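Trainee: Could we go through this structure together, taking the terms one by one and asking what each of them rests on?

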Amino acid sequence: MDDRELKIESRLAQIGSINDPKTGAVNFPIYQATAFRHPRLGQSTGFDYIRTTNPTRKVLEEAAAQLESGDAGFACASGMAALQTIFSLFGQGDHLIVSLDLYGGTYRLLERILSKFGVTATYVDTNDIDALEQSRRENTKAVFIETPTNPLMMITDIERVTSWAKRHELLTIVDNTLLTPYFQRPLELGADIVIHSATKYLGGHNDVLAGLIVTKGKELSEEMAFLHNSIGAVLSPSDSYQLMKGMKTLALRMERHEYNSLKIANYLLTHPAVAEVFHPGLADHPGHDIQSKQSSGNTGIFSFKVTDARYVEPLLRHIRLIAFAESLGGVESLMTYPAVQTHADIPLEIREAVGVDDRLLRFSVGIEHADDLIQDLGQALEAARREVEEGNVE
Ligand code: PLP
């Protein structure tokens, strides 16, 4: 049976599975080698030097390309390394149109580093075609989308944007970190490049830093291979192995993340200390219909606003099972305060314009039992309310 005929759950579980004729080993080994012997002058086994390619990394890259329905995959040292590699497609005088509610690190990379090389960006609501049209210039080269956005969970209609971009000969790049190919495959909807912070759901255990790029099309894939090797921010063989190990259980984890996050979002909707809940799985979320059309499920992160900013500090102090920590997408539940953590590099006006204010908390719901998480959140919210009422919090 051709691997492509298998369901995604089977393909995930079988990443790197082999039947090694020599040992019978079922897992692909870590080739901890930087150099590979040439059989003869002018000949190669396909592996010459680790930065260009390595057998363990290659298995991961082929799996990523196949899972995202792309032509080539590139494993990078981090999500930021993947973004830097992608943005190196552009140079002096090039302009990009970028999602307004953007991961802070991507904003920092564009504004503080890419800007030095003459690349400029305009930030818009990428679901608003008029806004896209108005920000398009003669030198615009690509549209960069996060959907859902992090942390406000804004949804962009990928197919609508890619068809607009194609009409204007622009590339579409989608950060698919939050949904993963298990729930959403942007290349099937017309995008050209997908990027992942694989540190999140793909790795899934808060223990490996990695990034993945998947490209569609021969020319673009060749150009990305050149940049990947030339820039050199590639993933090590042992981290490639670690990431593949995480990806094998992606299907199970995403189902549980989705179930837990929806249950907790519904609980928070009824809580008197909570003003708003941003979860695209809720029927009244503005992006719910588009999300349901283009994805087969929901991510495990969502955000919510408490009714009083003074609740934030004691809430983060009182959560026990849920850790106050900055990442997302792992089996353990983590809660973050975007205004001072992930989004600190985004200017206040932009942050507040999109709604990342001082009452917003982001919750990366893990795979613990939902009732235990609800209990922990409930006791922390009550403790925070009590402290504020008693005047113990500024
Ligand atoms: N893209 C998104 C949506 C992210 O959330 C992050 C990190 O939080 C990144 C990219 C950067 O990835 P990394 O931390 O793996 O470098």
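Trainee: Which residues lie nearest the centre of the largest pocket, and how many residues line it?

Mentor: In this predicted model, the largest pocket is lined by 29 residues, and those nearest its centre are Met-80, Tyr-103, Asn-150, Ser-197 and Lys-200. The space in the largest pocket amounts to about 430 Å³. Helix 3 (79–87), helix 4 (104–113) and strand 6 (193–197) each give at least two residues to the lining, with the largest share, 4 residues, coming from helix 4.

Trainee: What is the make-up of the lining of the largest pocket by class?

Mentor: The lining of the largest pocket divides into 9 nonpolar, 13 polar and 7 charged residues.

Trainee: What makes the other kind of empty space a cavity rather than a pocket?

Mentor: A cavity is a set of points where a 1.4 Å probe fits but cannot get out, whereas a pocket is an open set. The structure holds 1 cavity of 30 Å³ or more, and the volume of the largest cavity is about 30 Å³. The largest cavity is lined by Ala-64, Leu-67, Glu-68, Pro-181, His-196, Leu-202, Leu-212 and Met-247, which by class are 6 nonpolar, 1 polar and 1 charged.

Trainee: Why are helix 3 and helix 4 called oblique to each other?

Mentor: The axes of helix 3 and helix 4 cross at roughly 45° and come within 10 Å. Angles under 35 degrees would count as roughly parallel and those from 65 to 115 as roughly perpendicular, and helix 3 and helix 4 are therefore oblique to each other. Their crossing is right-handed, and the contact is made by Met-80, Leu-83, Gln-84 and Phe-87 of helix 3 with Gly-105, Thr-106, Leu-109, Leu-110 and Ile-113 of helix 4. By class, this contact has 6 nonpolar, 3 polar and no charged residues.

Trainee: What makes helix 2 and helix 9 oblique as well?

Mentor: For helix 2 (residues 55–67) and helix 9 (residues 237–247), the axes cross at roughly 40° and come within 8 Å. Set against the limit of under 35 degrees for roughly parallel, helix 2 and helix 9 are therefore oblique to each other. The crossing of helix 2 and helix 9 is left-handed. From helix 2 the contact takes Thr-56, Arg-57, Val-59, Leu-60 and Leu-67, and from helix 9 it takes Pro-237, Ser-240, Tyr-241, Leu-243, Met-244 and Met-247. These residues divide into 8 nonpolar, 2 polar and 1 charged. Leu-67 and Met-247, which take part in this contact, are also among the residues that line the largest cavity.

Trainee: How do you know that the peptide bond from Thr-147 to Pro-148 is cis?

Mentor: The peptide bond from Thr-147 to Pro-148 has omega near 0° and is cis. A cis peptide bond also joins Asn-150 and Pro-151, where omega is about 15°. Pro-148 is placed in the loop between strand 4 (140–146) and helix 6 (158–167), and Pro-151 is likewise found in the loop between strand 4 and helix 6. Asn-150 is also one of the residues nearest the centre of the largest pocket.

Trainee: What makes Ser-69 worth pointing out in terms of phi?

Mentor: Most residues other than glycine have a negative phi. Ser-69 is not a glycine, yet its phi is positive, at about 60°. Ser-69 is found in the loop between helix 2 and strand 1 (72–76).

Conventions:
Residues numbered from 1 in each chain as written. Predicted model: local features only at pLDDT ≥ 70, side-chain atom pairs only at ≥ 80, totals over all residues. Heavy atoms only, no water. Axes fitted to C-alpha atoms, helices over the stretch in contact; angles between N-to-C directions. Parallel < 35°, antiparallel > 145°, perpendicular 65-115°, else oblique. Left-handed = near helix turned anticlockwise from the far one by under 90°. Contact = heavy atoms within 4.5 Å. Nonpolar A, V, L, I, M, F, W, Y, C, P; charged D, E, K, R; others polar. 1 Å grid on protein atoms, 1.4 Å probe; cavity = no way out; pocket = protein on both sides within 12 Å on 5 of 7 lines; lining within 4 Å. Points joined across faces, edges and corners; volume = space filled by probe spheres on them.
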